[in-house]
Each structure stands twice: as structure tokens, then as C-alpha cells.
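Work through the exercises below with the sequence and the 3D view open. Try each task before reading its solution.

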Amino acid sequence: MVRLHVKRGGESQFLLEAPGSTRLAELAPLAARIHNGRLKVQRLCSEMEELAEHGISLPYNMQGLTDEQIEELKLKDEWAEKCVPSGGSVFRKDEMGRRNGFAPNEKMQQVIKKTIEEAKALISKKQVQANVYVDMETVKDALEQLRGAVTIVYPMGLPPHDPIRMEFEDKEDLSGTHAGTEVIKESEAQLWWAGKQLEETKLLSDYVGKNEKTTIIVKIQKKGQGAPGREPVISHEEQKEMMLYYYRKQEELKKLEEEDDDSFLNAEWADNHALKRQFHGVKDIKWGPR
């Protein structure tokens, strides 16, 4: 199986594996499906944090209004009495005016918060560093865990207008939002590798060869966005090492200018090959007998 390190822009997203015989016409939509699934989990986690703190979502015609305005307009939340959290509620006013303020009790809050942490861990970018693959089964597991927590805390369900229920039912409306711009339609997904677009008519092996143990970094984006930025020639750690090396060299120069003598000839930085030896790990080798 070829290992694909999928990035969006310059950021790592997830690890995906696929046989070299996979058609790019299938692989690009699969990567987009996983990408969008991870975004859905993240949106749900964000909304469920609000659910734990401030209860269910208010009807659209009541959101953002003050208590006085609601009373004056004689508006009533018909779902407040139907969607009561298990074990009763505690009042925590939502200053944003999006939720009704009747939050679950402490025990039920912990059920939601613990599940959020577990779901986030499943689809986290840190899974790349841990060499853990993320596929659609992983995304489905995270979604089911979140759904289960909501069912435990709200056995009567959530209002049909609550963003959490809409996400679970795939009825979310992301038009005009930043979250909507992050979603990549499967039909518009493109994969790029080494500055080349992976053409849908070809196989993965047409690009990476027959070696099934190959690891490549691919970037996912929408069609028509042009080529993404190439990977840096040196890693971030190597760049930090070089910056530190030149910083020390500069400090030694300043010190020598103050002393105004020829002692710099014995300084480490004066050796033209010092940086090369440092990267090759052959620094401070003693050739004579000890």
C-alpha cells in the first residue's frame, strides 16, 4: 500500500493508504470525503461545546434578541419543554443569544466534553506524527461517538433547527460561512504531488512506480485553484539549526570586533567546513591517541 501524507495548503491533515493500482479518479474524491468528514467532526465538536455550556439552540426568530424583545414580540420557544437534558438543567445564559441557556447538569456536561475530546483525537492532525491512518471508518466512528453522547444527554432529541441535529442529518447550510469555503466537493477535488497534478485518467502507480511501500506528500485542493506551493527544500528543524548556527557566528563576530585581535583564526565559525560537518554528525572527532 502506498502511503499518502495529505496536506491542505502547507498544513498536514491526515495519512491515507491506497494500492498503487488505485485510479486517481477514485482517490481524489476519497481524500475529499475524508477531508470533509474531518471538518464535519470539528464543526460538531464546536457546537457541542456550546450545547454543554448553554443548552439547545433557540428558534431562528429568537436568536440574538434580548429577553425584553422576546417578551414584547410574544415569542416562545416551543422546543424548550420537549428537549430537556437528562437529569435536569442548570441555567447559564448565552451572551451570544444563540442558545436557550438551560444547560445539562455537571455530570451530563462531562459526558459531552469527554466524548468531544475522544472524537477530536481520532481525526486529529497529530495522527500524522503518530503514523496513524485516518479513513472513512475513522470519521464514522468519531461521528457515532458524538451522536451517542447527544442521545445520552438529550434522549428526547434536539430541535430540528439545532445545528448539531442538522449536521447529523446532513442538512447543514454552510453557504456564506468560512466553514463552507473549507469544504471541497468530491467532484472538484484535485491531488498534487511534486508540483504535478495527478490526472484522473491515470493510476497512482503511474506516478510513484510499483513500490507499494512508497510514501508521498500530496496536496488536496479545488479544481481551478492552480498549483499549490511546493514543499520547502529543507525541513523546519534544519532551518532552525541553520539560523542558530549563523546567530552564534554573528555573536562571535561582535565579540571579536570588541577584542580587536587575531584570535578569530582559531574560532569554530572560521572553518568553512564546520556547518557541513555539523549536519553530517562528524563534529569534534579526535584523530590522535587519548
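The structure holds 18 salt bridges, a salt bridge being a side-chain nitrogen of Lys or Arg within 4 Å of a carboxyl oxygen of Asp or Glu. The model is predicted: local features need pLDDT of at least 70 and side-chain atom pairs pLDDT 80 or more, while totals for chains, interfaces and linings use all residues. Residues are numbered from 1 along each chain as its sequence is written, and side-chain values use heavy atoms, without hydrogens and water.

**Exercise 1. Find the salt-bridge partner of Glu167 and say where both residues lie.**

Step 1. Glu167 pairs with Lys40, and their closest N and O atoms are 2.9 Å apart.
Step 2. Glu167 sits in helix H6 (residues 163–168) and Lys40 in helix H1 (residues 24–54). Helices (H or I, at least four residues) and strands (E, at least two) are DSSP runs, numbered from the N terminus. The pair links distant parts of the chain, 127 residues apart.
Step 3. Check burial, where buried means under 20% relative accessible area, exposed over 50%, and partly exposed in between (1.4 Å probe, protein chains only). Glu167 is buried because its relative accessibility is 6%. Lys40 is buried too, at 10%.

**Exercise 2. Which elements do the Arg99 and Asp67 salt bridges connect?**

Step 1. Arg99 bridges to Glu47, with 2.8 Å between the closest N and O atoms.
Step 2. Arg99 is in the loop between strand S3 (89–91) and strand S4 (102–104), and Glu47 is in helix H1, 52 residues apart. Both Arg99 and Glu47 are buried.
Step 3. Asp67 meets Lys93 at 3.8 Å, N to O. Asp67 lies in helix H2 (residues 67–72) and Lys93 in the loop between S3 and S4, so this bridge ties together parts 26 residues apart in sequence. Lys93 is partly exposed, at 43% relative accessibility.

**Exercise 3. Place Arg43 in its surroundings.**

Step 1. Shared partners join Lys40, Arg43, Glu167, Asp170 and Glu172 into one salt-bridge network.
Step 2. Arg43 belongs to helix H1. Its 16% relative accessibility makes Arg43 buried.
Step 3. List its contacts (heavy atoms within 4.5 Å). Leaving out residues up to four places away in sequence, Arg43 touches Glu167, Glu172, Leu174, Ala179 and Val183.

**Exercise 4. Describe how H3 packs against H5.**

Step 1. Two packed helices are described by the angle between their axes and the distance between the axes. Axes are lines fitted to C-alpha atoms, for helices over the stretch in contact, and angles run from 0 to 180 degrees between N-to-C directions.
Step 2. For H3 (residues 106–122) and H5 (residues 136–153), the angle is about 175° and the axes are 9 Å apart. H3 is therefore roughly antiparallel to H5. Angles over 145 degrees count as roughly antiparallel, under 35 as roughly parallel, 65 to 115 as roughly perpendicular and the rest as oblique.

**Exercise 5. Trace the open sheet and name its edge strands.**

Step 1. Its 5 strands run in the order S2-S1-S7-S5-S6, with mixed pairing. Two strands pair if DSSP finds at least two bridges between them.
Step 2. S2 (11–18) and S6 (196–197) are the edges; each has a single partner strand, so one side of each lacks a neighbour in the sheet.
Step 3. S1 (residues 2–8) and S2 run antiparallel, joined by 7 bridges. Arg3 stands opposite Glu17 in S2.
Step 4. H1 packs on the sheet, touching S1, S2, S5 (189–193) and S7 (215–222), and its direction makes about 135° with that of S2.
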